[in-house]
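Please look over the sequence and the structure shown below before reading on. The report that comes after them is meant for a reader new to this structure.

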Amino acid sequence: MSGSASSSSSSTDSSPSSPAFEKWRSGLSMFTGLGLNEDQKVERERLKEDGKLEKDWDKCEKWKSELMTSSPAVVFLLQHLSLSGCPFPASAIQCHPCPETRSGGFSPDHGILLCQNRFFSKRHMEDTLTHELLHAFDHCRFKVDWGNLRHHACSEIRAANLSGDCRWTREVKRGFYAFNKQHQACVKRRAILSVLANPACTSPDMAERAVNEVWESCFADTRPFDEIY
């Protein structure tokens with residue numbers, strides 16, 4: 001008798017109409033994406049994106065903290081920012097999701113942006129953070145007028161030149177394989193693209209002219225480093 005009752009209970013718990021079965025089916029559907037209606041698919045994507053945003057942010061913050069204490073270039077620049085009267089705390093370096101067109105940014109009013117969803121390695125983030133700290137250093141030390149295209153071009157040349165952004169392995173990932181003066185070509189190309197995004201710049205020719213006008217002096221200026229990092 002008890003055996004019969006136990007069998008009946010087990011059958012009921014696993015039947016397609018039971019709460020236990022429905023919970024299992026719903027969980028499996030959310031995991032695989034199969035059998036969901038349109039509203040459930042939207043909710044599944046939202047939950048996936050929320051989870052990805054959280055993971056990206058956690059990784060970005062972890063790498064940021066490590067780089068601020070262990071990266072020779074980052075630590076060196078932070079020290080020189082402090083010596084120049086512009087200490088740069090961790091709170092001024094923020095991780096946020098970004099579109100595919102960028103991996104970081106610098107704003108005199110808001111600090112440094114690290115694009116948490118755009119880094120393919122910790123070294124990539126190190127190059128980006130170094131690049132943006134060089135902008136911060138230029139802004140502090142040289143009083144850059146970011147609306148002046150020559151000023152902007154000079155800082156972009158220095159940042160691309162000194163950050164590791166144009167090392168050969170990075171260029172290979174971008175599809176550039178030349179060996180002869182590849183570093184200089186990369187620095188100039190990336191500086192022109194950055195100046196072109198300046199609201200004060202109205203054409204590619206204008207961006208290229210601004211970069212060319214300051215090229216020699218700014219490419220040779222490695223401050224605060226003694227040489228190209």
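What follows describes a strand pair, a helix packing and a disulfide in a model that is predicted.

The table lists the two paired strands and the two packed helices with their residue ranges.

| Element | Residues |
|---|---|
| Strand S2 | residues 104-107 |
| Strand S3 | residues 111-115 |
| Helix H6 | residues 149-162 |
| Helix H8 | residues 182-196 |

Strands S2 and S3 run antiparallel and are joined by four bridges, and the connection from S2 to S3 is a hairpin of three residues. Within this pair, Gly-105 stands opposite Leu-113 in S3.

Helices H6 and H8 pack with their axes 8 Å apart, at an angle of about 140°, which makes H6 oblique to H8 because an angle over 145 degrees would be needed to count as roughly antiparallel. The crossing of H6 and H8 is right-handed. On the H6 side, the residues in contact are Leu-149, His-152, Ala-153, Glu-156, Ile-157, Ala-160 and Asn-161, and they meet His-183, Val-187, Ala-191, Ser-194 and Val-195 in H8. Sorted by class, the contact of H6 with H8 has seven nonpolar residues, four polar residues and one charged residue.

The structure also holds five disulfides, one of which joins Cys-86 to Cys-140 with an S to S distance of 2.0 Å. The torsion about the S-S bond of Cys-86 and Cys-140 is about 85°, so this disulfide is right-handed. Because Cys-86 lies in the loop between helix H4 and strand S1, while Cys-140 lies in helix H5, the pair ties together parts that are 54 residues apart in sequence.

Technical notes: Residues numbered from 1 in each chain as written. Predicted model: local features only at pLDDT ≥ 70, side-chain atom pairs only at ≥ 80, totals over all residues. Heavy atoms only, no water. Pairing = 2+ DSSP bridges. Helix = DSSP H or I, 4+ residues; strand = E, 2+ residues; numbered from the N terminus. Axes fitted to C-alpha atoms, helices over the stretch in contact; angles between N-to-C directions. Parallel < 35°, antiparallel > 145°, perpendicular 65-115°, else oblique. Left-handed = near helix turned anticlockwise from the far one by under 90°. Contact = heavy atoms within 4.5 Å. Nonpolar A, V, L, I, M, F, W, Y, C, P; charged D, E, K, R; others polar. Disulfide = S-S within 2.5 Å.
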